[in-house]
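Hello,

Here is the structure I said I would pass on. Please open it next to this email, and my notes follow below.

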Amino acid sequence: MRHARRTARRITRLAAVGGLLCGSLLVTRAIANEPGASGPPVPVGERLVAQLGAARTAGSWLGADGRTVVAVTDAGAAADVRRAGARAEVVRHSMRDLRSAAATLRAAPRVSGTAWSMDYGSNEVVVRADSTVSANDWSRLAGVARTIGASVRMERTRGTFTTRVDGASPIFASDGRCSAGFDVTDGRDAFLLTAGHCGPVGTTWFARPGDATALGTTVRGTFPGNDFSLVRYGDGVPRSQGDVVAIGGGRGVRITGAADPVVGQRVFRSGSTTGLHSGRVTGLNATVNYPEGTVTGLVQTTVCAEPGDSGGPLFADGLALGLTSGGNGNCDAGGTTFFQPVEAAMTDLGVHLAGASGDDGPGTGAGSGQARPGGDVAPSAPPADSEAGAPGGGGTDAGVGTGTNMGGATGTASGTGTGTASGAGTGTGTASGTGPVAAISRVVDTRSVGPGLLVIGGSLIALVAARSMRSSRRRRGAW
């Protein structure tokens, strides 16, 4: 009988100790795995390319199976890549070769209607010419490509490479409209980040045509060369939550930070003309020769866009990636769209995302969108099978217009279909994400912390019970 009691006591103590260890592990993982707690991790491919260098690598991308692939030029580099858990693909041309080819193309006489980017998968710089490029210009550019060698491939493409501005609705200026991008701050003032080609410094923006009160004024911008601009919000313009991008249908996506995209990554774009669409990143450091001038360092994607979508946000997994610049095609036939990387733009301008960093600047609230009465919208990720959200097309767009909006364009614009990607929609602000409970939930994953704390509590109770049982037995002389 005594032996059975001792065995039961030992089992209770062992189970309690094991429970304490398991519970602690759950809590630790919940805190350590919180996305964005220490900033987005550097992708494996990007890290390997930086470690091995431009002479031994030629870019990285996500394969169809989601695994990272790194292009390398020698067997030693391939072995290093495999040891890091990625897949290696041995190629002929290094990143140094591809950069040299792109530099030679940039130095050649400019041809409007052409674009080129590094295609890591084919290990080439792909040059595309739209329908406006004449036979003579095509022949001249092909001659430049021949002098470079096999690292360049020439292609003709349909449509024309244009910026995506026209004279209809969303954030409005006297000569056109664009889409709001992301709300940003320098720690003092609140700004809207959008495309540079939307309007030069001094451009005044309105939420709706004919509004008496301006939404804001462009105070800095770069185009061509780069394609971004900074619109300072006007005094007294009310704004709602600035870390949410409206995606249509009364839904929004919370933006927790910014990052550079990866080739092969699935991304989402929202705009005032066409709403929400998705596609894949197909190239980085792209150069586009628009009629207005040349822009470099762009992200090339298969996401469609149309006039009026310019300046709207590109995002994925809660991270801001870019601003819509231009491209060819449309959302019926498809096409290629280029984006200004958002991190490069913010670094140049000395600003950071509002709301996502917890610093919205004085008096900005959480940023984005002019507030108006209406129900709050809970943020949610885009549906996995979603290719297009509510169309913006100039008419009212509840999806892009109503609901919290990260863009910054004023909410009132939503009534006119300004919602633009992240912008002009009415941003009424989300109820979630505020208050102490939401603050705690951003620091830890409560889904793991809760069970962990329960296991720890139960284990402590078991230890106390086992000890009291032993003390009781001793007092009675049984143990």
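Start with strand 1 and strand 2 (residues 68-72), which run antiparallel and are joined by four bridges. To find one pair by eye, look for Ser-60, whose bridge partner in strand 2 is Val-70. Please keep in mind that this is a predicted model.

These two strands belong to a small group. Three strands form an open sheet in the order 1-2-3, and the pairing is mixed. Which strands are at the edges? They are strand 1 (57-62) and strand 3 (87-90), each of which pairs on one side only. On average, neighbouring strands in this sheet are turned by 20 degrees against each other, direction ignored. Helix 3 (residues 75-83) lies across strand 2 and strand 3, and its direction is at about 165 degrees to that of strand 3.

Next, go to strand 5 (residues 124-129) and strand 6 (residues 152-156). These run parallel, with five bridges between them. One residue to look up here is Ala-129, which has Arg-156 in strand 6 as its bridge partner. What do strand 5, helix 5 (residues 135-148) and strand 6 make together? They make a β-α-β unit, and it is right-handed.

Helix 6 (residues 342-349) is a useful one for practice. Its buried residues are Val-342, Ala-345, Met-346 and Leu-349. Viewed down the axis of helix 6, these buried residues fall within an arc of 95 degrees, so they line one face of the helix. The general background is that an α-helix has 3.6 residues a turn, so residues three or four places apart point the same way. After helix 6 comes Gly-350, which has a positive phi, near 70 degrees.

Last, some totals for the protein:

- The protein has nine helices and 24 strands.
- It has 479 residues, of which 49% count as buried.
- Its accessible surface comes to about 20100 Å², and carbon and sulfur atoms account for 55% of that.
- Taking contacts between residues at least 6 apart in sequence, 66% join residues at least 24 apart.

If you have time for one part, I suggest helix 6, where you can check for yourself that the buried residues line one face.

Regards

Note on methods:
Residues numbered from 1 in each chain as written. Predicted model: local features only at pLDDT ≥ 70, side-chain atom pairs only at ≥ 80, totals over all residues. Heavy atoms only, no water. Helix = DSSP H or I, 4+ residues; strand = E, 2+ residues; numbered from the N terminus. Buried < 20%, exposed > 50% of the residue type's maximum accessible area, 1.4 Å probe, protein only. Contact = heavy atoms within 4.5 Å. Areas by Shrake-Rupley, 256 points an atom, 1.4 Å probe, with all protein chains shown as cover. Pairing = 2+ DSSP bridges. Right-handed = clockwise from strand over helix to strand, strands pointing away. Arc of directions from axis to C-beta. Axes fitted to C-alpha atoms, helices over the stretch in contact; angles between N-to-C directions.
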